[in-house]
Amino acid sequence: MADDPRLLIWGAGAIGGTIGAYLARAGEDVLLVDTVAEHVAACAGPGLEIVGPVEEFRQPVPAVTPDGVVGRFGRVILAVKAQHTAAAVAALAPHLADDGYVVSAQNGLNELDIAEAVGAERTMGAFVNFGADWLEPGMILYGNRGAVVVGELDRTIRERTRALYGLMQKFEPDAVLTDDIFAYLWGKLGYGALLFGTALTPDSMTQNFADPARTDIFIALGREVMAVARARDVSPKGFNGFEPDAFMPGGSEAAARASIAALAEFNSKTAKTHTGIYRDLAVRKRKTEVDQQVGAVVRLGAEAGIATPYMARLQALIHDIEDGRREMSAETFFALAEG
């Protein structure tokens with residue numbers, strides 16, 4: 001049997017659904033996979049509705065639940081929550097062509113786990129920072145455009161890398177092709193730590209970043225992530241207001257404060273006022289990706305002999321909210337500084 005030429009997007013939520021709707025509208029042959037049957041029915045039936053200030057449209061996209069996937073695919077975009085990576089890769093692996101690849105459009109360093117499961121040669125990295133929220137079956141808020149970057153794990157640029165880059169440009173015209181994807185992924189880990197910090201409160205991202213009383217704590221979080229990145233010989237890339245160099249060991253406090261202010265400005269212009277982390281905690285009442293993002297930095301820091309007390313407390317506080325031991329509040333946020 002010949003490999004299926006369609007683009008398989010495993011996970012049709014905020015990230016995968018938005019990308020899939022745009023690519024399908026652009027004429028690409030896309031198949032969405034999602035575990036929520038009602039969402040699958042809406043996508044394949046009347047269509048996936050994209051709402052928000054960027055653009056509004058409804059696009060029918062073929063979609064199935066995981067048990068409905070048949071055949072083998074050369075191109076798979078994985079867009080599930082980080083904590084579901086292992087289960088999703090186990091389910092999709094039988095459907096991955098021998099010369100195919102999985103590209104992680106997720107938060108964290110999931111590329112490492114995917115590579116271990118299906119092989120580094122069949123793994124590609126991606127970095128996404130556009131704002132989107134899954135609102136209900138068949139509806140996704142596309143709150144703002146943001147950085148989209150693709151690259152190989154071994155820092156080569158191949159024909160398949162350029163082909164994926166061209167595909168992603170149909171979604172985000174300013175997409176970037178890189179030979180250093182881990183620099184972007186570590187940049188996102190730094191920014192992601194700050195976003196987890198904002199989710200300790202019910203306030204918006206902008207309210208958090210604009211509050212001068214919280215700035216020192218945000219800087220401490222950013223500095224811990226960048227210290228671990230430096231220990232791993234990574235030079236993270238900046239994007240959308242986040243400047244990793246400002247949080248590096250020896251970086252100036254003025255530069256770090258300027259970056260926090262820039263994040264307040266950037267996030268003030270999006271319809272996505274709160275993070276997906278906030279939605280997981282306050283709206284969808286489910287576990288977050290804290291162990292796969294914040295926890296990963298704590299673990300890698302310990303391996304490198306780098307202390308990460310703020311990150312460890314952040315991980316613990318998010319778990320406290322998940323498990324009902326604490327409420328989202330300014331008091332919970334300032335508990336980050338209680339060493």
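## Helix packing and two open sheets in a predicted model

Helix 8 (residues 212-231) packs against helix 12 (residues 309-322) with the axes 8 Å apart and an angle of about 110 degrees between them. Helix 8 and helix 12 are therefore roughly perpendicular to each other, since an angle from 65 to 115 degrees counts as such. Helix 8 contributes Ile-217, Ala-220, Leu-221, Glu-224 and Val-225 to the contact, while helix 12 contributes Pro-309, Tyr-310, Met-311 and Leu-314. By character, the residues of this contact divide into eight nonpolar, one charged and no polar. The coordinates behind this description, and behind everything that follows, belong to a predicted model.

### The eight-stranded sheet

Eight strands form an open sheet with mixed pairing, and their order is 5-2-1-6-7-8-11-12. At its edges stand strand 5 (63-64) and strand 12 (176-177), each of which pairs on one side only. Within this order, strand 1 runs parallel to strand 6 (residues 73-78), to which five bridges join it, and strand 1 also pairs in the parallel sense with strand 2 (residues 30-33), in that case over four bridges. Strands of a sheet pair through backbone hydrogen bonds, either parallel or antiparallel.

Strand 1 is mostly covered, in that five of its seven residues are buried. Helix 3 (residues 85-92) lies across strand 1, strand 6 and strand 7 (96-104), and the direction of helix 3 makes an angle of about 165 degrees with strand 6.

### Asp-4 in strand 1

Where in the fold does Asp-4 lie? Asp-4 belongs to strand 1, which spans residues 4-10, and in the pairing with strand 6 Asp-4 stands opposite Phe-73. Asp-4 has a relative accessible area of 16% and is therefore buried, the cut-off for that term being under 20%. The side chain of Asp-4 is joined to the side chain of Arg-6 by a polar contact of 2.8 Å. When neighbours within four places in sequence are left aside, the residues in contact with Asp-4 are Arg-72, Phe-73 and Gly-74.

### The four-stranded sheet

A further open sheet is formed by four strands in the order 4-3-10-9, again with mixed pairing. Strand 4 (57-59) and strand 9 (131-136) are the edge strands here, each pairing on one side only, and from one strand to the next the twist averages 25 degrees. Strand 3 (residues 48-51) pairs with strand 10 (residues 139-144) in the parallel sense over three bridges. Helix 2 (residues 37-44) lies across strand 3, strand 4 and strand 9, and runs at about 90 degrees to strand 3.

### Residues that stand opposite each other

The table lists residue pairs from the strand pairings described above.

| Residue | Opposite residue | Strand of the opposite residue |
|---|---|---|
| Asp-4 | Phe-73 | strand 6 |
| Trp-10 | Leu-78 | strand 6 |
| Leu-7 | Val-30 | strand 2 |
| Glu-49 | Met-139 | strand 10 |

Technical notes:
Residues are numbered from 1 along each chain as its sequence is written. This is a predicted model: local features need pLDDT of at least 70, side-chain atom pairs count only at pLDDT 80 or more; totals for chains, interfaces and linings use all residues. Side-chain values use heavy atoms; hydrogens and water are left out. Axes are lines fitted to C-alpha atoms, for helices over the stretch in contact, and angles run from 0 to 180 degrees between N-to-C directions. Angles under 35 degrees count as roughly parallel, over 145 as roughly antiparallel, 65 to 115 as roughly perpendicular and the rest as oblique. Contact means heavy atoms within 4.5 Å. Ala, Val, Leu, Ile, Met, Phe, Trp, Tyr, Cys and Pro count as nonpolar, Asp, Glu, Lys and Arg as charged, and the others, Gly among them, as polar. Buried means under 20% relative accessible area, exposed over 50%, partly exposed in between (1.4 Å probe, protein chains only). A polar contact is a pair of N or O atoms within 3.5 Å; within protein, one must be able to donate a hydrogen and the other to accept it, and residues adjacent in sequence count only if both atoms are side-chain atoms. Two strands pair if DSSP finds at least two bridges between them.
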